[in-house]
Amino acid sequence: MDGAELELERRSKFLSSLIQKKKAIEQQEQSERLNVKVRASDMPLALQNKAFKCARDQLDYMPGKVDSKRLALALKKEFDSTYGPAWHCIVGTSFGSYVTHSLGGFLYFSIDKVYILLFKTAVEPLNH
């Protein structure tokens, strides 16, 4: 590589790092606005944001006590219809779990004092 190519590569890496920092700051701001704390995830940011918004919207429409079943069903239906089948959701204030999930399909987060585990499993056809 000559000097110009090296300089172009250096600038490209610098710009990429700036973009990543900006995305991280935007993600942090949205999390604070929705009162979300990500506990563990391997899910892309766009899907995480969809889950946060869907969960926050559902919680805002629940007067008084949180209906865990309704929240879990709403998240599952939203993700099944948007991203394909085999999404699962567990909602509660105190639970333990050990799950197997598809790559890029795991999110464990909290909003207020409600903990939400959303994950996708692989769907394999039955061979009779």
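**Note on the sheet, its helices, the core and the cysteines**

1. Helix 3 lies across strand 2 and strand 4, and its direction runs at about 160 degrees to that of strand 2. Helices (H or I, at least four residues) and strands (E, at least two) are DSSP runs numbered from the N terminus, while axes are lines fitted to C-alpha atoms, for helices over the stretch in contact, with angles from 0 to 180 degrees between N-to-C directions.

2. The model is a predicted one, in which local features need pLDDT of at least 70 and side-chain atom pairs count only at pLDDT 80 or more, although totals for chains, interfaces and linings use all residues. Residues are numbered from 1 along each chain as its sequence is written, and side-chain values use heavy atoms, with hydrogens and water left out.

3. The sheet is open and is formed by four strands in the order 1-3-4-2, with antiparallel pairing; two strands pair if DSSP finds at least two bridges between them. Strand 1 (36-41) and strand 2 are the edge strands, each pairing on one side only, and the twist from one strand to the next averages 15 degrees.

4. Between strand 2 and strand 4 the antiparallel pairing extends over six bridges, and Gly 92 stands opposite Tyr 115 in strand 4. Helix 2 packs on the sheet, where it touches strand 1, strand 2, strand 3 and strand 4, and its direction makes about 35 degrees with that of strand 3.

5. The largest nonpolar core (buried Ala, Val, Leu, Ile, Met, Phe, Trp, Tyr and Cys residues joined through side-chain atoms within 4.5 Å) has 23 residues, of which Leu 71, Leu 75, Phe 79, Phe 109 and Ile 116 touch the most other members. At least two residues of this core come from each of helix 2 (45-60), helix 3 (68-83), strand 2 (87-92), strand 3 (106-111) and strand 4 (114-120), and helix 2 gives the most, with six residues.

6. Apart from neighbours within four places in sequence, Leu 75 is in contact (heavy atoms within 4.5 Å) with Ala 51, Cys 54, Ala 55, Cys 89 and Ile 116.

7. The count of disulfides (pairs of cysteine sulfur atoms within 2.5 Å) comes to zero. Cys 89 forms no such bond because its sulfur is 8.8 Å from the closest cysteine sulfur, in Cys 54, which is too far. Both cysteines are buried (under 20% relative accessible area, with exposed over 50% and partly exposed in between, using a 1.4 Å probe and protein chains only): Cys 54 has a relative accessible area of 12%, and Cys 89 has one of 15%.
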